[in-house]
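Work through the exercises below with the structure open beside you, and try each task before you read its solution.

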Amino acid sequence: MPILDHFGFIAPYYDRVFKPGNRDDLITLAALPVEGMVLDAGGGTGRIAQFLRNQAAQVVVADLSFEMLTQAQAKDGLLTACSHTEWMPFEDQCFERIIMIDALHHVCHQGETAQELWRLVKPGGRIVIEEPDVRTWGVKLLALGEKVLGMRSHFLAPPAIAGLFDESAQVRIERKGAISWVIVEKPGE
Ligand SMILES: C[S@@+](CC[C@H](N)C(=O)[O-])C[C@H]1O[C@@H](n2cnc3c(N)ncnc32)[C@H](O)[C@@H]1O
């Protein structure tokens, strides 16, 4: 447990500090729109999820921080679940797509989180994990800064993230500047 609740503290200001930017890359990589449900794991304030509402039948934001989720609840049309990403209160294979943006390095158990995302995604579905790429110098500095702030961040390079998934997963890695995406497809039945 970190000494400070960083996300609880920053939640009311989060969307003003961290602008969502253009999310066309994410929409393309996640192969949206879909008819089913999308999960934003570690989705915080719904900063990104709010732009996906017209891309799926339902968008669910799951996050550990009640304060971050309170911000997501203020946005129309998002469902929220206060939950660890290591165990989420959903049935097997109920999401067409799962996104996880800038959150994997914050969770305690990254392997368990990957297994949980794999459990929840439908056959033929897709998981997209977006992370600052720790192979770049800027992100190495960011990682140091988060350590100084007492955050329990643990950055993994994209190939290590890919390695967390089931061996039947079809995985590819994309990168733009300091951002990388690990795209994980679950074979159809
Ligand atoms: C940097 S924020 C990113 C939020 C959102 N994905 C975005 O891009 O705006 C990281 C989020 O991960 C959440 N988080 C950290 N550990 C978690 C865990 N084990 N389970 C669920 N959420 C977690 C935090 O509460 C926080 O909202």
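Two strands count as paired if DSSP finds at least two bridges between them. The model used here is a predicted one.

**Exercise 1.** Find the strands that pair with strand S4, and state in which sense each pair runs.

*Solution.* Begin with strand S1, residues 37–41, which pairs with S4 in the parallel sense over three bridges. One of the bridge partners can be located by number, since Val 38 has Arg 97 as its partner in S4. Turn next to strand S5, residues 121–132, which runs parallel to S4 and is joined to S4 by six bridges. Here Ile 101 has Glu 130 as its bridge partner in S5.

**Exercise 2.** Determine which handedness the β-α-β unit made by S4, helix H5 and S5 has.

*Solution.* Follow the chain from S4 through helix H5, residues 110–120, into S5, and the unit that these three elements make is right-handed.

**Exercise 3.** Decide how many of the seven residues of S4 are buried, and then examine the contacts of Ile 98.

*Solution.* Strand S4, residues 95–101, is mostly covered, with six of its seven residues buried. Ile 98 belongs to the largest nonpolar core, which has 28 residues, and is listed with Leu 39, Phe 90, Ile 127, Ile 129 and Phe 165 as touching the most other members. The largest share of this core, four residues, is supplied by H5. Leaving aside residues up to four places away in sequence, Ile 98 touches several residues, including Leu 39, Leu 117, Val 121 and Ile 127. Another core, of 21 residues, lies apart from the largest one, and among its members are Leu 32, Val 38, Ala 49 and Val 61.

Definitions and conventions: Residues numbered from 1 in each chain as written. Predicted model: local features only at pLDDT ≥ 70, side-chain atom pairs only at ≥ 80, totals over all residues. Heavy atoms only, no water. Buried < 20%, exposed > 50% of the residue type's maximum accessible area, 1.4 Å probe, protein only. Helix = DSSP H or I, 4+ residues; strand = E, 2+ residues; numbered from the N terminus. Right-handed = clockwise from strand over helix to strand, strands pointing away. Core = buried A, V, L, I, M, F, W, Y, C linked by side-chain atoms within 4.5 Å. Contact = heavy atoms within 4.5 Å.
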